[in-house]
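Q: Got a minute to go through this one with me? Let me pull it up.

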Amino acid sequence: MSLLAWTLVIISQLALVAGQIFLKRAMSRREHGGEKARGWIGTLVIGIATMTIWFLLWLGVMHQIELSKLMPLEGISPLLIVLGAAVFLHERLNWRGWAGVVLTCFGVLLVSAS
Amino acid sequence: MHDQMAAVLPKPAPGLFWNPYLQIFLTVLLTAAAQILLKVGADTSAANNSIWSWLGVAELGSGWTWLGIFAFIASFGGWLYALRFLPLGLAFALTNGVHIFVPLGSWLFLGEHISLLRGSGILVIIAGILLLAQSVAKVEEKV
């Protein structure tokens, strides 16, 4: 498969991680209330815009690449999101959480390897 | 910018429907349905190498694609709701359940085969989700 297709896949994955972090920040701000709640809709709109970029790219590469070949890349996205959430949202997981994330990702790799 | 507000998670309204984990489960089911509908939409629309095809615009001619988009939008509502109450990393890891339902749905509706490897992958995902559920239970004990 062409380099262009895989570049688009990587950009779509980055858009997915960034978009989810924006969405989470928007919803946390909304829930927080008071001063911090202000501007949550703006953050939500940025999140939805980023997710739209992800969605269109995903739709496009799905036409070019078999779903079974795309799924391994989908499989590592939870790991990327857990890392992104740790850096940008200061989220912490306990060891069961980490083990669960790694195990589900491994399972997705197995599903897509077949 | 980066404060600790994510660490303070509010309590959802009472009632099963408002349980954020049920909403994640509904999100997973709707996302799996959306993926399958989009695949059908992509298969039924004409394949060509124009720039529109790269951007996924050619698929918009198929009604299946639109059904898939509606399923995605519906799943998005449940997802935003769940994000109000759950940490992003944990919630997103739970959405890996999609990879259980996509092969099952592809087998049921698209006639795709589930191999031994794929079946064992599904079992590993279920084990991972059970661990995540345990991790949640431990966290909520402390609150």
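Here is a short chat about the contact between the chains, one helix pair and one loop residue.

A: Heads up, this is a predicted model: local features need pLDDT of at least 70, side-chain atom pairs count only at pLDDT 80 or more, and totals for chains, interfaces and linings use all residues. Residues are numbered from 1 along each chain as its sequence is written, while chains are lettered from A and ligands numbered from 1 in the order in which they are written.

Q: How many residues does each chain put into the contact?
A: Chain A gives 39 residues and chain B gives 44 residues, with contact meaning C-beta atoms, placed from the backbone, within 7 Å.

Q: And which helix of chain A gives the most?
A: Helix 6 of chain A, with 13 residues. Helices here are DSSP runs (H or I, at least four residues), numbered from the N terminus.

Q: OK, how do helix 3 of chain A and helix 1 of chain B pack?
A: They pack at about 55 degrees, with axes 10 Å apart; the axes are lines fitted to C-alpha atoms over the stretch in contact, and angles run from 0 to 180 degrees between N-to-C directions. That makes the pair oblique, the class left once under 35 (roughly parallel), over 145 (roughly antiparallel) and 65 to 115 degrees (roughly perpendicular) are taken out.

Q: Which residues meet there?
A: Leu59(A), Met62(A) and His63(A) meet Leu38(B), Lys39(B) and Ala42(B).

Q: New topic: where is His90(A)?
A: His90(A) is in the loop between helix 5 and helix 6 of chain A, and its phi is positive, near 60 degrees.

Notes
Two residues are in contact if their C-beta atoms, placed from the backbone, lie within 7 Å. Helices (H or I, at least four residues) and strands (E, at least two) are DSSP runs, numbered from the N terminus.
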